[in-house]
Amino acid sequence: MVLLVAFAVLALLLQSQRDTDAEAKRRSVAVAQTFAHSPGILAALRTPHPTKVLQPLTEAGRRSAGVDFIVVMDTHGIRYTHPMPDRIGKRFVGTIGPSLAGGVYTESVHGPLGQEVQATVPIENPGGHVVALVSAGLKVKNVTNQVDRQIPIILTAGAAALGGATAVTALVGRRLRRQTHSLAPDEMTKMYDHHDAVLHSVREGVLIVAGDGRLLLANDEARRLLDLPPDAEGRHVTQLPVLEPETVALLSSGREATDEVHLAGPRLLAVNQRPTDRDGGPKGTVVTLRDSTELQAVSGRAETARERLKLLYDAGLGIGTTLDVTRTADELAQVAVPRFADFVTVDLADAVLHGEEPAATATGVRRVAVRAVREDHPLYEKGRLIDFLPSTPQARGYGTGRSELVNDLSSATGWHAQDPERAGRIVDYGIHSLISAPIKARGAVLGVANFWRSKEHGPFDEEELSLAEELVARAAVSIDNGRRYAREHAMAVTLQRSLLPRALPEQSALEVGYRYLPAQSGVSGDWFDVIPLPGGRVALVVGDVVGHGLHAAATMGRLRTAVHNFSTLDLPPDELLSHLDDLVGRIDQDEACTEVAAAVVGATCLYAIYDPVTRRCVMARAGHLAPALVSPDGDVTFPDLPFGPPLGLGGMPFRSAELDIPEGTQLVLYTDGLIEDRNRDLDVGMELLRQSLAGHPGRPPEESCQAVLDTLLPARPKDDVALLVARTRPLPPDRIADWDVPSDPAAVARMRDAACRQLDEWDLSELSFSLELVLSELVTNAIRYGCEPIHVRLILDRTLICEVADASSTSPHLRYAATTEEGGRGLFLVSQMTERWGTRYTPTGKVIWAELPLSECSGEKALSLALADAGLDLGLDL
């Protein structure tokens with residue numbers, strides 16, 4: 001205790017010295033930095049006589065800060081100030097290099113005041129350059145005086161500690177004598193020797209467990225019976241993994257036990273437990289253990305049966321969790337390794353993987369699962385296509401539907417014939433026993449499961465053959481269900497994809513990218529379409545039939561066909577949705593009388609028409625989400641379109657909205673499967689869509705589609721998704737020509753001349769004859785039967801489009817004139833001279849349009865053919 005106190009006093013002295021030195025350096029640094037950053041210091045340094053200004057300031061600062069000196073110097077170390085005026089103008093004693101580099105430097109030097117502790121800091125101008133230095137410090141003898149003043153206090157505390165330790169030592173010694181009953185050390189040693197001899201010599205395990213569950217003592221026999229680790233004593237019984245849970249529960253409970261039987265590894269132990277606090281002793285228990293070897297054989301068979309039941313139970317829970325055939329096969333292999341076999345391989349008929357019926361023989365089977373206790377095995381690898389010979393156990397079991405047991409693979413000649421070289425490597429590897437169990441469900445063999453054992457375990461027996469058959473039977477039903485599901489899913493997806501557009505039509509108004517992803521759980525009713533319209537316009541359609549299955553896919557096909565048919569009438573979006581709404585209502589009424597309720601519930605649609613000439617887009621929606629617009633500067637907005645009810649509800653009109661679409665704007669149409677998810681709100685999905693589109697105005701639509709899917713969709717989407725991204729490409733103004741036509745028959749000739757001149761500018765003179773004929777007929781009809789104003793427009797796109805508009809709502813129709821009639825052949829000639837023609841209605845009247853192909857034969861020849869079809873012959877020399 002004296003040495004301990006002495007060391008403590010010395011440590012306190014050294015600590016006091018270190019703290020005092022550290023405080024001196026800290027104070028020196030603080031004073032120097034404060035003076036270096038004080039206002040006016042830079043101005044004083046710029047004066048002709050810095051000493052005159054700075055000397056009074058440093059002396060006042062030195063006295064108020066409690067330091068022995070404050071020295072201001074230039075960058076060469078020449079002093080401006082010093083407590084001893086005769087030292088001013090002389091070189092500073094100390095190191096100034098680190099401070100010139102911008103750092104703070106402390107040191108102990110022998111200076112003018114004696115041994116000093118000083119700190120040197122730089123003075124920097126606003127540009128960060130060092131223009132002078134400041135040093136502040138104390139004399140070492142002043143620091144030493146502070147330490148000396150603390151020595152009496154430290155010595156007094158040491159003496160008090162020594163006295164207290166002496167008193168405590170006396171009290172502890174007195175208590176030890178009372179607890180050991182005043183036994184001498186040799187007597188205590190003898191007593192403990194006798195205790196150890198008895199404790200470790202008896203052939204019965206002894207444990208002493210404290211009241212808190214810690215193992216205090218275990219003799220040699222207890223360590224052997226329980227296989228305790230060397231550091232078991234002192235650990236809580238729950239921290240000993242070698243103990244069975246039932247044994248841990250008994251040792252932790254502290255209750256009395258008499259000849260209770262507990263399992264300890266391969267042994268059955270008879271356990272007795274008694275408390276130790278009956279006669280006032282410490283709280284805890286004493287446990288004795290006896291090895292009941294006569295019950296070991298019975299317990300072994302019981303444990304084997306328990307393990308097999310547990311294996312079958314786990315197989316029932318772990319096999320067939322999905323409808324994926326390959327996943328189910330792998331789950332079978334995973335359950336069996338290593339609890340039943342060292343290696344498991346599962347081979348399925350290749351047709352089963354495609355949802356088809358399996359073949360009758362074991363040829364063309366593919367290895368779909370391999371599980372092993374070691375990865376360097378010589379068995380066929382996963383994914384290999386195998387043709388088993390008829391002599392192999394796999395082929396025999398596949399053909400007969402009965403399992404095959406091979407106890408010794410080294411002598412199985414039929415198995416060796418499959419691949420002699422590989423068979424030799426398998427035997428050399430140590431694999432010696434095989435069970436080949438056919439995977440059979442609903443009378444068909446789907447494949448075969450192979451269980452292999454190596455030299456670490458004994459060969460399979462008949463009881464284990466039955467266990468293998470039970471395991472395979474549990475997997476067979478799931479594999480067959482997965483096969484049937486895969487077939488039906490493939491058929492449904494094929495049907496759905498056949499109802500969707502396989503390729504987008506050619507058009508010039510939009511650059512389009514699209515994606516369609518079917519749901520993992522089955523087909524659904526999402527669809528999209530791009531439909532070219534007259535006048536270079538394009539219709540964009542996205543729809544969704546809520547629900548899954550073949551009915552939803554078939555209904556989607558009917559609605560898509562209806563949209564195509566209605567679009568040929570060139571209806572506005574709101575009118576088209578009204579017709580589609582009536583159609584869905586009739587479908588519901590027709591199917592209401594069927595045995596299976598198959599009404600179209602929750603069908604939605606968005607229909608948009610973009611005109612590259614006017615750069616306007618007209619949209620209407622029926623219960624569908626609003627599209628996204630990506631402006632040329634990268635901003636994303638969701639236009640506020642009038643909301644219409646889902647299709648089939650009826651009772652409410654649909655309204656359309658017309659938007660101005662700048663060049664390069666991207667229209668993003670999508671179904672709800674893209675943004676809706678059970679794990680996030682709709683607003684969150686819309687925001688994610690906005691973030692994936694924003695800031696990329698120049699990105700191609702195909703790349704935008706992929707970026708959106710990568711951002712919003714999980715790996716396995718629950719609902720199918722249709723996505724359409726279209727970038728607008730307006731028609732250049734120099735490819736459009738239009739004229740107002742007076743209601744005068746003489747204006748027809750002027751229009752023909754103007755149109756021919758325009759064709760000459762477009763280098764399409766070969767179409768002049770055909771265009772003159774078409775234009776004459778359409779303008780003449782508008783003047784004769786229509787109303788003013790009359791307007792003619794030519795559009796040069798993939799075809800030459802001629803449009804004649806007037807304010808009348810009456811539409812001409814094509815008819816076949818008799819041979820004796822002089823009129824009635826005009827529209828027939830128009831239909832023969834053009835690729836297609838038609839009428840569309842506008843809020844102010846109608847437009848009659850016709851399209852002439854750009855790669856057309858000469859006008860005279862086309863006219864001759866048209867007149868021949870009409871039954872006339874002008875006798876033209878072609």
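**Exercise 1. Find the salt bridge that arginine 374 forms, and say how exposed each partner is.**

Solution. In this predicted model, arginine 374 forms a salt bridge with aspartate 376, and the closest N and O atoms of the pair are 3.1 Å apart. The next step is to look at the accessibility of each residue, where partly exposed covers the range between under 20%, which is buried, and over 50%, which is exposed. Arginine 374 has a relative accessibility of 35% and therefore counts as partly exposed, and aspartate 376, at 48%, also counts as partly exposed.

**Exercise 2. Work out which parts of the chain are tied together by the salt bridge between arginine 727 and glutamate 511.**

Solution. Begin with the contact itself, in which the closest N and O atoms of arginine 727 and glutamate 511 are 3.7 Å apart. Arginine 727 belongs to strand β25 (residues 721–728) and glutamate 511 to strand β16 (residues 510–517), so this pair connects parts that lie 216 residues apart in sequence. Finally, consider the surroundings: arginine 727 counts as buried because its relative accessibility is 14%, whereas glutamate 511, with a relative accessible area of 28%, is partly exposed.

**Exercise 3. Place lysine 310 and aspartate 314 in their helix, and decide whether each is buried or partly exposed.**

Solution. Both residues lie in helix α9 (residues 296–318), where they are four residues apart, about one turn of the helix. They form a salt bridge whose closest N and O atoms are 3.0 Å apart. Lysine 310 counts as partly exposed at 41% relative accessibility, while aspartate 314, with a relative accessible area of 17%, is buried.

**Exercise 4. Describe the open sheet of four strands, starting from the order of its strands.**

Solution. The strands follow the order β1-β4-β3-β2, and their pairing is antiparallel. At the edges stand β1 (69–73) and β2 (105–111), and each has a single partner strand, so one side of each is left without a neighbour in the sheet. Neighbouring strands of this sheet are turned against each other by 30 degrees on average, with direction ignored. Turning to one pair in detail, strand β3 (residues 114–124) is joined to strand β4 (residues 130–139) by nine bridges, and proline 122 has leucine 133 in β4 as its bridge partner.

**Exercise 5. Which residues make the nonpolar surface patch of about 350 Å²?**

Solution. The patch is made by Leu3, Phe7 and Leu10. Phenylalanine 7 lies in helix α1 (residues 2–36), and with 57% relative accessibility phenylalanine 7 counts as exposed.

Technical notes. Residues numbered from 1 in each chain as written. Predicted model: local features only at pLDDT ≥ 70, side-chain atom pairs only at ≥ 80, totals over all residues. Heavy atoms only, no water. Pairing = 2+ DSSP bridges. Helix = DSSP H or I, 4+ residues; strand = E, 2+ residues; numbered from the N terminus. Axes fitted to C-alpha atoms, helices over the stretch in contact; angles between N-to-C directions. Patch = residues over 30% accessible without salt bridge, like charges linked within 9 Å, V, L, I, M, F, W, Y side chains within 5 Å. Areas by Shrake-Rupley, 256 points an atom, 1.4 Å probe, with all protein chains shown as cover. Salt bridge = Lys/Arg side-chain N within 4 Å of Asp/Glu carboxyl O. Buried < 20%, exposed > 50% of the residue type's maximum accessible area, 1.4 Å probe, protein only.
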